[in-house]
Amino acid sequence: MVARRWLWAGVLCALAGTVRPTSAVLVAVVAVSAIRALALRRAGWRPWAAMGLAPLGLIFSWLYLGSRIGRLDGWFIAEKAWDQQFDFGLGSLRFLQKLITYQNTDIRYPLVLTVILVVAVGVVALALDRQVPWPLVLALAGAWELMFGTPGAPLSKPRFILPFLPIMLLLVMRPVARLPRTVQGCLYGSGAIFAGWYAFGLLVLFKHPP
């Protein structure tokens, strides 16, 4: 998207939509970028093509789930059943209120709060950095809003932000680039291991909604 390769952006966004509902954030970024390009009369017909391609994977996944349930709105029924429907942050505010008033004693919940706060600060810091392309900032901000605006099990919230965490690395790319290759490999490898461990825990060990 940053390189303005509109067709590739649309195709890859469509592919992402077949496997991750958080691709809704990517669809929004592609749409905003395309509308801006069209308003500035740039790139001809390609922004239109990107807007048309981007949501196809997400629509396919919705229709597929609907076919399994037997209703076109099956995706939204499943969301409601898992308490995962978007509520603009009301569920997250209730979670924070319980955490602050010590109504929840799970020691993992402060970690979730830390993730919410750190990503929010990261969005602001990236927005203030004029060298970071605005579509990347918009993508991270959209992922944060999806994480904060979706209720359900608090421990599942970080999964919304996991695919977008590499954008946060832009905050430390200059000092990290000066580190030895071995140290860089350890950092990236540790991040991959953590993400895999977290996903494994949600799928196999966690006995509540995803």
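Begin by selecting F194, which at 42% relative accessibility counts as partly exposed in this predicted model. Add W197 to the selection: with a relative accessible area of 54%, W197 is exposed, since the cut-off for that class is over 50%. F194 and W197 are three residues apart in helix α12, and the two are therefore separated by about one helical turn. Which arrangement do the rings of F194 and W197 take, with their planes at 40 degrees? The pair is tilted, and the ring centres lie 5.8 Å apart; an angle of 40 degrees is neither under 30, as stacking would require, nor over 60, as an edge-to-face pair would require.

The structure holds four aromatic pairs, and another of them is reached by selecting F60 and Y64, whose rings are stacked, at 6.4 Å centre to centre and with 25 degrees between the planes. These residues belong to helix α4, which covers residues 56–69, and because F60 and Y64 are four residues apart there, about one helical turn separates them. If you colour by accessibility, Y64 should be placed in the partly exposed class, at 47% relative accessibility.

Return now to helix α12, which comprises residues 181–205, and pick V183 within that helix. V183 has a relative accessible area of 35% and is partly exposed. Extend the selection to L169, L171, V172, L179, L187 and Y188, which together with V183 make a nonpolar surface patch of about 560 Å². A surface representation is a convenient choice for this step.

Next, select Q184, which also lies in helix α12. Is Q184 buried or exposed? At 12% relative accessibility Q184 counts as buried, because the class is defined by a value under 20%. Leaving aside residues up to four places away in sequence, Q184 touches V176, A177 and L179, and of these L179 is one of the residues that make the nonpolar patch.

For the following stop, go to R4, in the segment before α1, a helix that runs over residues 6–17. What is noted about the backbone of R4 is a positive phi of about 60 degrees, although R4 is not a glycine. Most residues other than glycine have a negative phi. R4 has 32% relative accessibility and so counts as partly exposed.

Finally, clear the selection and view the whole chain as a cartoon. The protein contains twelve helices and zero strands, and, read along the sequence, its pattern is α-α-α-α-α-α-α-α-α-α-α-α. Along its principal axes, the C-alpha trace spans about 55 × 55 × 30 Å. The radius of gyration is 19 Å, which agrees with the value near 17 Å that a compact globule of 210 residues would have.

With the whole chain still in view, a contact map can be set beside the cartoon. Among contacts with a separation of 6 or more, 69% are accounted for by residues 24 or more positions apart. Colouring by accessibility, in turn, would mark 34% of the 210 residues as buried, while the accessible surface of the protein comes to about 13,100 Å², with 71% of that area belonging to carbon and sulfur atoms.

Technical notes
Residues are numbered from 1 along each chain as its sequence is written. This is a predicted model: local features need pLDDT of at least 70, side-chain atom pairs count only at pLDDT 80 or more; totals for chains, interfaces and linings use all residues. Side-chain values use heavy atoms; hydrogens and water are left out. Patches are made of residues with over 30% relative accessible area and no salt bridge: like charges are joined within 9 Å, nonpolar side chains (Val, Leu, Ile, Met, Phe, Trp, Tyr) within 5 Å. Accessible areas come from the Shrake-Rupley method with a 1.4 Å probe; for residues, only the protein chains shown count as cover. A salt bridge is a side-chain nitrogen of Lys or Arg within 4 Å of a carboxyl oxygen of Asp or Glu. Buried means under 20% relative accessible area, exposed over 50%, partly exposed in between (1.4 Å probe, protein chains only). Contact means heavy atoms within 4.5 Å. The radius of gyration is taken over C-alpha atoms; the globule rule is 2.2 Å times the number of residues to the power 0.38. Rings of Phe, Tyr and Trp (its six-membered ring) pair if their centres lie within 6.5 Å; planes under 30 degrees apart count as stacked, over 60 as edge-to-face and the rest as tilted.
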